[in-house]
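Reader: I should like a close look at a single part of this structure. Please describe one strand together with its surroundings, in a connected account.

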Amino acid sequence: MRLDVPVLAGDLVRLEPLDTRHVAGLAEAAEEERSSYGFTLVPRAAEMAGYVAAQLGRAGLTPFGQVRVADGRPVGCTGLWDPRGWPDRPGLRAIEIGFTWLAASAQGTGINAEAKLLLMTYAFETLGVARVDLKTDARNARCRRALERLGIPFEGVLRSWSVSWAPGEEGRLRDSAMFAATAEDWPGVKAALRAHLTATRPPRP
C-alpha cells in the first residue's frame with residue numbers, strides 16, 4: 001500500500017515524494033564519502049536510476065527524497081514502510097521509518113533528526129498510528145547511538161529478522177536492533193527531537 005503523503009517541509013530538510021527527477025542529485029550525494037554505509041543499502045551513482053525505480057515499485061513503501069533546504073540539493077532518501085492496519089476497523093495501527101540514508105555532508109547537521117520529527121509527527125498526528133518502528137542492523141553501533149541520542153526507545157534485538165545489506169552478505173539474514181515509539185511515548189520523543197534540533201542548529205546571525 002502506497003500512502004498519499006504530501007511534501008513534509010522543515011527548516012533544514014524537505015521530504016519530497018521520491019521521483020525520477022531526484023536521480024541526478026542522489027547520484028552525486030551517494031558518491032560523497034561512503035565509510036558510514038557498511039550496513040546500509042546505498043547505491044553507487046551508476047545504479048541510482050535503478051534504485052529509485054525499485055523503491056517506487058517496492059510494495060508497502062512510501063519513499064521520499066531528502067532535499068536540503070539550504071541549497072535545494074537531494075542528500076538522501078527515507079520512507080514510511082510496512083503499514084499495518086487494525087484487524088477490526090479502518091486505519092493504521094503501526095508503521096516503520098526505513099530505507100534511510102544521507103550523504104556524508106548531511107550527516108550530523110540536524111537533517112536526520114528533523115526528518116524523523118517530520119515523519120513521526122505525520123504518522124502519529126495525521127495517520128493516527130499507535131506505534132512507529134525504526135530498526136537497524138544490530139552491528140551498526142553508529143546508527144544505534146544516533147537513535148538513542150534522538151530519544152527513541154530501544155526495545156531489543158530480533159534475531160535473523162531482516163535481510164542483510166552488508167557487502168558480501170547477499171541472501172543472508174541479519175539480527176535487527178529494534179527501536180520504537182508508541183503514541184504514549186510520542187509527547188516525550190517529540191520534545192527530545194525538538195531539543196536535539198535546538199542544540200545542533202547553528203545560531204542565527
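**Strand β3 and its surroundings**

Author: In this predicted model, strand β2 (residues 13-17) pairs with β3 in the antiparallel sense, over five bridges. Within this pairing, Arg 14 lies opposite Val 67 of β3.

Strand β4 (residues 74-85) also runs antiparallel to β3, and seven bridges join the two. Here Pro 63 is placed opposite Gly 79 of β4. The two strands, β3 and β4, form a hairpin with five residues between them. In its turn, Gly 72 has a positive phi of about 70°.

Burial can then be considered. Eight of the eight residues of β3 (residues 61-68) are buried, so the strand is largely enclosed by the rest of the structure. Both faces are covered. On one side Leu 61, Pro 63, Gly 65 and Val 67 are buried, and on the other Thr 62, Phe 64, Gln 66 and Arg 68 are buried as well.

The wider setting is an open sheet of eight strands with mixed pairing, in the order β1-β2-β3-β4-β5-β6-β8-β7. Its edge strands are β1 (8-9) and β7 (154-163), each of which pairs on one side only. Beyond the hairpin, β4 is joined to β5 (residues 92-102) by seven bridges, again in the antiparallel sense, and Cys 77 stands opposite Trp 101 in β5. Helix α1 (residues 23-30) packs on the sheet and touches β4 and β5, its direction making about 105° with that of β4.

Trp 101 also belongs to the largest nonpolar core, which has 51 residues. Among those with the most contacts inside this core are Trp 101, Leu 15 and Leu 80. Helix α3 (residues 111-127) supplies the largest share of the core, ten residues.

Methods
Residues numbered from 1 in each chain as written. Predicted model: local features only at pLDDT ≥ 70, side-chain atom pairs only at ≥ 80, totals over all residues. Heavy atoms only, no water. Core = buried A, V, L, I, M, F, W, Y, C linked by side-chain atoms within 4.5 Å. Buried < 20%, exposed > 50% of the residue type's maximum accessible area, 1.4 Å probe, protein only. Helix = DSSP H or I, 4+ residues; strand = E, 2+ residues; numbered from the N terminus. Pairing = 2+ DSSP bridges. Contact = heavy atoms within 4.5 Å. Axes fitted to C-alpha atoms, helices over the stretch in contact; angles between N-to-C directions.
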